[in-house]
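Got the model open in your viewer? Let's walk through it one selection at a time.

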2 protein chains.
Amino acid sequence: MTDTLSDTPVATSPQGKIMLVGIGPGSYAQMTHRACAAIAEADVVIGYVTYIKLVADLLEGKEVIRRGMTEELDRAVHALARARAGKKVALISSGDAGVYGMAGPTYEVLFQAGWTPDADVPVEIVPGTSAITACASLVGAPLTHDSCSISLSDLLTPWPVIARRLEAAAAADFVVALYNPKSGRRTGQIEQAQSLFLRHRLPQTPVAVVKSAYRRRQAIAFTTLDKMSDCDIGMLSTVLIGNSHTFVRDGLMVTPRGYANKYDLQGDGSARDGEKRGRSLSTGLLGWSANLHADFADGVGLAELAQRHRLPADYLEQVLSTPLTELAFHQGPGDEDA
Amino acid sequence: MTDTLSDTPVATSPQGKIMLVGIGPGSYAQMTHRACAAIAEADVVIGYVTYIKLVADLLEGKEVIRRGMTEELDRAVHALARARAGKKVALISSGDAGVYGMAGPTYEVLFQAGWTPDADVPVEIVPGTSAITACASLVGAPLTHDSCSISLSDLLTPWPVIARRLEAAAAADFVVALYNPKSGRRTGQIEQAQSLFLRHRLPQTPVAVVKSAYRRRQAIAFTTLDKMSDCDIGMLSTVLIGNSHTFVRDGLMVTPRGYANKYDLQGDGSARDGEKRGRSLSTGLLGWSANLHADFADGVGLAELAQRHRLPADYLEQVLSTPLTELAFHQGPGDEDA
């Protein structure tokens with residue numbers, strides 16, 4: 001941080017405000033109306049040089065503060081100073097403003113400067129399409145099931161924290177988006193991620209590497225988990241790793257939602273035996289708990305059940321101590337998908 | 001599914017296409033330009049009744065096909081039939097089109113109907129702001145660190161799969177967004193999620209419940225993990241659970257990015273002893289690996305190291321078998337945040 005806030009007057013002008021704007025992946029088409037309007041409304045636009053370039057057409061007549069990559073906190077300090085001086089400030093992030101974006105660092109700086117939402121300049125966060133969904137839209141439908149975003153950057157996060165998350169996400173079969181997968185200096189992390197995933201997923205698990213989504217040099221590559229770290233991956237890439245059901249067909253990466261668990265998709269689309277449209281699966285919470293109770297009553301031990309369901313024994317113990325009537329008590333109307 | 005595709009001609013008209021449109025949380029301001037243009041361009045708009053209402057102003061002169069919640073596959077079947085007949089079809093999802101949205105089911109239906117990208121109607125996916133980021137923008141900056149999206153609906157997913165993901169996400173300290181947390185009929189899942197999280201997180205972990213983000217009946221409630229399941233939660237709610245560092249201050253939920261790990265934020269903002277701007281933390285991959293090698297050389301056993309770092313022993317064994325020079329080999333230019 002090169003600037004300090006010590007001499008800045010607090011809330012001298014009621015017009016000033018800070019808008020934390022997620023501009024989406026980078027093209028005008030993929031920006032929200034609100035993101036555009038926020039930049040249009042701004043007197044001052046602050047951002048990383050690359051992102052400033054992406055919105056160059058919207059900047060005429062505005063004060064523009066370009067900052068380097070290592071200067072996030074400095075950007076927030078400037079934003080607060082300008083806003084307190086009565087300016088409308090747009091602090092821009094690519095993707096969403098909150099996902100590894102400027103929203104967090106800005107609030108940290110604001111709190112430290114004694115800012116409070118009621119007695120100081122207002123702050124608005126303008127969400128946008130994050131890299132995970134922007135990249136997914138270009139490769140098919142990989143995010144139809146539960147997913148994680150994990151940054152491989154260890155510039156602010158200790159490696160064991162990152163490694164534990166990779167390990168957990170791999171084991172629990174999440175679709176995973178790796179942000180900041182690799183840089184000129186930081187090349188080992190993607191190899192470590194690959195190793196951790198290969199402990200739980202097949203080598204042929206589909207992987208997509210998307211570079212500069214919706215920007216001029218957009219590039220998409222499909223690969224598999226065992227070849228992932230050999231790909232051309234850089235700071236502008238996002239890596240999408242499929243779950244155990246994800247497949248690639250005709251150049252499209254798709255994670256099934258699970259309709260085949262319930263419906264006969266090869267036949268007339270009717271519900272399978274024991275399944276009912278609009279209701280939980282027979283292996284849903286209630287059905288599964290009932291089976292667990294039955295197995296336990298039949299003498300199957302906790303340790304065996306824990307292994308079978310790959311869940312902690314103490315959690316299963318808790319489920320077994322909950323009467324089924326408590327889980328099945330509520331009988332509201334059907335109100336759900338599928 | 002009430003319709004079948006058996007009698008539908010394939011690609012009779014080159015004008016037809018399918019656009020899978022994520023309309024964002026629901027307000028016009030939060031839609032992307034492309035999402036709006038795609039709906040404007042469409043001859044036919046297909047969607048769940050609630051989402052059709054959200055874009056009612058954009059539908060004049062268009063054929064509108066409203067469908068209930070249990071009819072996703074039917075929506076896709078209609079979209080393909082209309083597109084093959086030469087119509088431009090917008091199939092709308094709230095949030096992002098790929099995140100638990102229509103993109104996945106549509107590709108599943110298309111593949112089954114013999115569709116291929118080269119020889120049939122084109123498909124475009126229009127991404128949008130997903131519930132996780134839309135809701136986050138209204139409560140502060142909870143997503144500044146790694147996060148997961150988990151759907152609690154067990155209508156297509158067996159409960160043990162969901163439970164394993166909750167357990168893994170809780171243990172690895174992800175910020176978590178729970179989609180479909182509760183419905184009239186399905187009330188036990190949120191309680192189970194709470195139990196699984198309480199095994200790993202403090203009772204006072206911040207939780208935000210956001211209902212109808214950016215819609216008319218928007219409601220935001222802050223609570224804590226131990227009280228989470230007592231909140232007013234429904235099918236229009238998204239639940240955001242903070243990680244172990246997330247805090248609430250002045251009505252804002254913020255997850256720190258980790259600047260305090262590297263910089264003296266209380267002082268002049270300079271890097272802490274042993275840390276360097278633009279470089280990995282001293283506890284990053286390289287520094288951490290070096291310490292691991294040193295501890296092992298000093299006689300600390302694998303089992304002890306595994307426990308200390310909460311990582312699998314076989315992963316640590318692999319790190320120990322990798323020469324540090326291999327991790328440190330690359331010396332590109334600094335090119336990263338922070």
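Before the first stop, one definition: a charge sits over a ring if NZ of Lys or CZ of Arg is within 6 Å of the ring centre and within 35 degrees of the ring normal. Keep in mind, too, that this is a predicted model.

**Stop 1: across the two chains.** Select A:Arg165 and B:Phe174. The arginine lies over the face of the B:Phe174 ring, at 5.7 Å from the ring centre. Now swap the chain letters: B:Arg165 lies over the face of A:Phe174, again at 5.7 Å from the ring centre.

Zoom out to see how the chains relate. Chain A superposes on chain B through a rotation of 180° with 0.0 Å of shift along its axis, and the RMSD is 0.0 Å. The two copies are thus related as by a two-fold rotation axis. And which surface do they use to meet? Of the interface residues of chain A, 100% are also interface residues in chain B, so the copies meet through the same surface.

**Stop 2: A:Ser149.** Go to strand 7 (residues 147-151) of chain A, where you'll find A:Ser149. Is this serine buried or exposed? With a relative accessible area of 7%, A:Ser149 is buried. Show its contacts, leaving aside neighbours within four places in sequence: they come from chain A, with A:Tyr100, A:Ile132, A:Ala177 and A:Tyr179, and from chain B, with B:Asp146, B:Ser147 and B:Phe174.

**Stop 3: the five-stranded sheet.** Switch to cartoon and stay on chain A. Five strands make an open sheet with parallel pairing, in the order 3-2-4-1-5. Strand 3 (63-67) and strand 5 (123-126) of chain A are the edges, each pairing on one side only. From one strand to the next, the twist averages 15°.

Pick strand 1 (residues 17-22) of chain A next: its parallel pairing with strand 5 of chain A runs over four bridges. To see the register, label A:Met19, which stands opposite A:Glu124 in strand 5 of chain A. Then add helix 4 (residues 103-112) of chain A, which lies across strand 1, strand 4 (88-93) and strand 5 of chain A, running at about 170° to strand 5.

**Stop 4: aromatic rings.** How many aromatic pairs are there over all chains? A search of the whole structure finds 14. Start with A:Tyr107 and A:Trp115: their ring centres are 5.8 Å apart and their planes at 50°, so this pair is tilted. Both A:Tyr107 and A:Trp115 are buried. Add A:Phe111 and B:Phe247 to your selection, and you have one aromatic cluster of A:Tyr107, A:Phe111, A:Trp115 and B:Phe247.

Hop to chain B for B:Tyr100 and B:Tyr179. Here the centres are 4.9 Å apart and the planes at 55°, so the pair is tilted. B:Tyr100 lies in the loop between strand 4 (88-93) and helix 4 (103-112) of chain B, while B:Tyr179 is in strand 8 (residues 175-179), so the pair ties together parts that are 79 residues apart in sequence. B:Tyr100 is buried at a relative accessible area of 15%, and B:Tyr179 is buried at 10%.

**Stop 5: B:Ile92.** Finish in strand 4 of chain B, with B:Ile92. This residue counts as buried, at 0% relative accessibility. Beyond its neighbours within four places in sequence, B:Ile92 touches residues including B:Val21, B:Ile39, B:Tyr51 and B:Met102. For a last distance, draw a line between the C-alpha atoms of B:Ile92 and B:Gln194: they are separated by 32 Å, and the residues are 102 apart along the chain.

Definitions and conventions: Residues numbered from 1 in each chain as written. Chains lettered and ligands numbered in written order. Predicted model: local features only at pLDDT ≥ 70, side-chain atom pairs only at ≥ 80, totals over all residues. Heavy atoms only, no water. Pairing = 2+ DSSP bridges. Helix = DSSP H or I, 4+ residues; strand = E, 2+ residues; numbered from the N terminus. Axes fitted to C-alpha atoms, helices over the stretch in contact; angles between N-to-C directions. Contact = heavy atoms within 4.5 Å. Phe/Tyr/Trp six-rings, centres within 6.5 Å; stacked < 30°, edge-to-face > 60°. Buried < 20%, exposed > 50% of the residue type's maximum accessible area, 1.4 Å probe, protein only. Least-squares fit on C-alpha atoms with pLDDT ≥ 70 in both.
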